[in-house]
Amino acid sequence: MKKRFAALLTAVLLCLSCTGLADVVVQNDHISAYLDSTGGVILTGYDTRINATDAYTLVAIDATRVVYLVETGTDGVYNLVCADFATSTETVMAQGVTLACGYGGEGIYFVTSQEPAKVQYLTYGGALKEIYSSEENVEDLQISYHGLMICFAQDAGAVVLDGT
């Protein structure tokens, strides 16, 4: 029975990654969350959603918060929102975001529609800094074994932060 469940779960996750919906689950060593079909962020093991604003995709999670993107009404442009577990509040961290990913647990890396060739880093405390700038627009941000990867057109990319 466990083998069948594991195989089914693997198949579902593979299907999600093939459809571009791979960010419906975020996890770290202590906690995980998933995105339901209505935009609700659900912590694993709980029945009720923790967010009031419908989420589009999940970005990061740690022991005190979950970060996700919320649609703005403009195609491909989102608000970066943080939901705090202790206070049950949602805070807009950044507006006009096109790409975002969590790395290292201290903040979020993101690209805005206003500056599509720059990667910025926003700490959970509110400090903002530019960490990378290019002449080409950033097409994707990914976390890999090697660290934070920035991808450009035609799958060219660079490792910006070494994860080792």
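Analyst: Strands (E, at least two residues) and helices (H or I, at least four) are DSSP runs, numbered from the N terminus. This is a predicted model, in which local features need pLDDT of at least 70 and side-chain atom pairs count only at pLDDT 80 or more, while totals for chains, interfaces and linings use all residues. Residues are numbered from 1 along each chain as its sequence is written, and side-chain values use heavy atoms, leaving out hydrogens and water.

User: Which residues have pLDDT under 50 throughout?

Analyst: pLDDT is the predictor's confidence in each residue, from 0 to 100. The protein chain has a mean of 80, with 76% of its residues at 70 or more. One stretch stays under 50, and the model gives it 4 contacts (heavy atoms within 4.5 Å) beyond four places in sequence. That stretch is residues 4-22.

User: In the open sheet of 3 strands, which residue of strand 2 is the bridge partner of Val25?

Analyst: Two strands pair if DSSP finds at least two bridges between them. This sheet has the order 1-2-3 with antiparallel pairing, and its edge strands are strand 1 (25-27) and strand 3 (41-43). Strand 1 is joined to strand 2 (residues 32-35) by 3 bridges. Across from Val25, the partner is Tyr34.

User: In the hairpin of strand 6 and strand 7, which residue takes a positive phi?

Analyst: Strand 6 (residues 78-84) runs antiparallel to strand 7 (residues 89-102), with 6 bridges between them. Tyr78 faces Val97 across this pairing. The hairpin has 4 residues between the strands, and the one with a positive phi, near 55°, is Ser88.

User: Is Tyr78 buried or exposed?

Analyst: Tyr78 forms a stacked aromatic pair with Tyr56, 4.8 Å centre to centre and 20° between the planes. (Rings of Phe, Tyr and Trp, its six-membered ring, pair if their centres lie within 6.5 Å; planes under 30 degrees apart are stacked, over 60 edge-to-face, the rest tilted.) Tyr56 is partly exposed because its relative accessibility is 41%, between the cut-offs of under 20% for buried and over 50% for exposed (1.4 Å probe, protein chains only). Tyr78 is at 10% relative accessibility, so Tyr78 counts as buried.

User: How many residues apart in sequence are Tyr109 and Tyr121?

Analyst: These two form a tilted pair, 4.5 Å centre to centre with 40° between the planes. Tyr109 lies in strand 8 and Tyr121 in strand 9 (residues 118-123), so the pair ties together parts whose separation is 12 residues.
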